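This report describes how two protein chains and two DNA strands are arranged in one structure. Please keep the sequence and the 3D view at hand while reading.

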Number of protein chains: 2
Amino acid sequence: MNQFREHIEAIVPLTDAEFELIYSHFSVRKYKKHQFLIQEGEPVKYAYFIVSGLVKLVYADALGKQHIVSFAMEDWWESDFGAYYTQSKAAMSLICIEDTEVLCLAFDDYHKLCATFHKMEHFFLMKSNFGHVGAQQRILSLLTTNAKERYAQLLKKSPALFQRVSKTMLAAYLGVSRETLSRLSA
Amino acid sequence: MNQFREHIEAIVPLTDAEFELIYSHFSVRKYKKHQFLIQEGEPVKYAYFIVSGLVKLVYADALGKQHIVSFAMEDWWESDFGAYYTQSKAAMSLICIEDTEVLCLAFDDYHKLCATFHKMEHFFLMKSNFGHVGAQQRILSLLTTNAKERYAQLLKKSPALFQRVSKTMLAAYLGVSRETLSRLSA
DNA sequence: ATTACAGTGTGATGTAAATCACAGAAACCT
DNA sequence: AGGTTTCTGTGATTTACATCACACTGTAAT
């Protein structure tokens with residue numbers, strides 16, 4: 001909770017009263033490894049702030065092959081935002097890689113927060129802007145580099161991930177086969 | 001200008017006075033085909049709203065090969081947002097494919113707009129959210145499909161593009177070589 | 001403890017797409 | 001109009017990577 005407050009205050013300062021009111025829009029939930037926060041085909045009720053743990057956002061293609069759109073860990077926000085913003089069915093699943101604790105924000109609470117606190121709208125704008133830029137960098141990485149370079153880039157950018165997720169999952173994130181990834185690290 | 005107002009009012013309604021004040025934060029500029037709106041390595045002063053015309057956001061890799069991060073046409077916003085938000089040097093170039101008219105928004109005017117008009121902050125939040133989702137879909141497309149499918153997807157999603165840009169550029173956008181693209185369409 | 005399964009490495013083979021190379025067609029100067 | 005540059009198609013060759021197949025390990029489940 002303090003961690004959450006600091007996370008917000010890194011962008012917008014808050015009074016105690018403001019924080020209390022903001023915090024009251026969230027609910028705490030805990031999940032075990034392998035549990036689903038979002039299941040493909042189901043409505044997406046919440047966006048999640050990860051307090052602790054690690055999750056993956058997974059898309060299963062027509063052949064059932066799993067692709068990892070993103071990982072999210074402590075202090076990250078995650079959801080199937082496409083479905084969340086349009087309040088439609090999930091195209092992807094959000095699954096725990098470790099036991100995970102989250103703060104859940106329902107869609108209308110998101111709007112209430114934005115409408116009530118100019119600061120929070122600003123906060124979310126900053127987050128969204130930088131999320132957008134991050135996604136664009138991933139596109140660039142996929143367009144410009146081969147598997148080996150992408151592996152090196154990720155190792156440099158998120159060394160923590162390598163301790164916490166299997167190589168199989170890293171491969172699904174990098175868009176390479178498991179076998180190729182195995183041969184790369186050598 | 002009416003077009004611009006409608007573009008904003010599709011998300012947030014405005015009074016005449018509000019629109020006037022908002023509009024005064026922008027400056028109009030016209031560029032010819034082949035001109036640069038943003039040059040790699042230079043500071044990024046503006047985000048652009050495209051009134052008419054067509055531009056490409058291009059990244060040149062270490063070998064000088066050109067990759068197209070995105071196209072932007074009428075009613076789109078474009079910039080090297082990574083550099084714009086952090087007010088640093090451009091990593092990419094923004095180049096006209098056709099004669100283009102834009103509305104320029106300087107970075108501090110962007111902040112002023114957001115600070116002054118809650119509505120505009122909301123407007124930008126919506127734009128950023130959907131931009132983020134769009135980028136994520138592009139990532140998914142790059143992860144899950146081969147060149148042929150990506151070509152088919154783009155043809156379905158943006159048929160207008162095919163009338164206005166060369167196949168060479170389409171290839172640079174799809175992440176395929178010019179030659180391979182040529183063989184695909186057959 | 002024994003089974004079961006996810007994770008990993010490594011060889012052999014197949015394939016999509018890159019690269020190299022050339023030529024004709026279209027668009028653009030001045 | 002004539003020359004330059006860009007765009008495009010098509011063949012031949014090469015390469016990065018996927019796929020298939022198998023074996024070994026560590027971890028979790030009963």
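## DNA strand D

In this predicted model, an N or O atom in the side chain of A:Glu179 is placed 3.3 Å from a base nitrogen of DNA strand D, where a polar contact is a pair of N or O atoms within 3.5 Å and, within protein, one must be able to donate a hydrogen and the other to accept it, with residues adjacent in sequence counting only if both atoms are side-chain atoms. From chain B, the side chain of B:Arg178 brings an N or O atom to 2.7 Å from a base oxygen of DNA strand D, while a polar backbone atom of B:Thr168 is 2.9 Å from a phosphate oxygen of that strand. Two or more residues of the surface near DNA strand D come from each of α9 (178-184) of chain A, α8 (167-174) of chain B and α9 (178-185) of chain B; helices (H or I, at least four residues) and strands (E, at least two) are DSSP runs, numbered from the N terminus.

DNA strand D is surrounded by 16 residues, and the closest are A:Ala147, A:Thr180, B:Lys167, B:Arg178 and B:Arg183; a residue is near a strand if one of its heavy atoms lies within 4 Å of it. Of the atoms of DNA strand D that come within 4 Å of the protein, 43% belong to sugar and phosphate. The element that gives the most to this surface is α9(B), with 4 residues, and by class the surface near DNA strand D has 2 nonpolar, 7 polar and 7 charged residues. In this classification Ala, Val, Leu, Ile, Met, Phe, Trp, Tyr, Cys and Pro count as nonpolar, Asp, Glu, Lys and Arg as charged, and the others, Gly among them, as polar.

## DNA strand C

Around DNA strand C there are 17 residues, the closest being A:Lys167, A:Arg178, A:Arg183, B:Ala147 and B:Thr180. The side chain of A:Arg183 has an N or O atom 2.8 Å from a base nitrogen of DNA strand C. Chain B meets phosphate oxygens of this strand through a polar backbone atom of B:Ala147 at 2.8 Å and through a polar side-chain atom of B:Thr180 at 2.5 Å.

The largest share of the surface near DNA strand C, 4 residues, belongs to α9(A), and by class this surface has 2 nonpolar, 7 polar and 8 charged residues.

## How the two chains meet

Chain A is superposed on chain B by a rotation of 180 degrees with 0.0 Å of shift along its axis (RMSD 0.0 Å), the fit being by least squares on the C-alpha atoms of residues with pLDDT of at least 70 in both. The two copies are thus related as by a two-fold rotation axis. Because 100% of the interface residues of chain A are also interface residues in chain B, the copies meet through the same surface; contact here means heavy atoms within 4.5 Å.

Between them, chain A and chain B bury about 3400 Å², 71% of it on carbon and sulfur atoms, buried area being the accessible area (1.4 Å probe) that two parts lose on being put together, summed over both. The number of residue pairs in polar contact between the chains, both at pLDDT 80 or more, is 13. On the side of chain A that touches chain B, α5(A) supplies the largest share, 20 residues.

## Conventions

Residues are numbered from 1 along each chain as its sequence is written, and chains are lettered from A and ligands numbered from 1 in the order in which they are written. Local features need pLDDT of at least 70 and side-chain atom pairs count only at pLDDT 80 or more, whereas totals for chains, interfaces and linings use all residues, and side-chain values use heavy atoms, with hydrogens and water left out.
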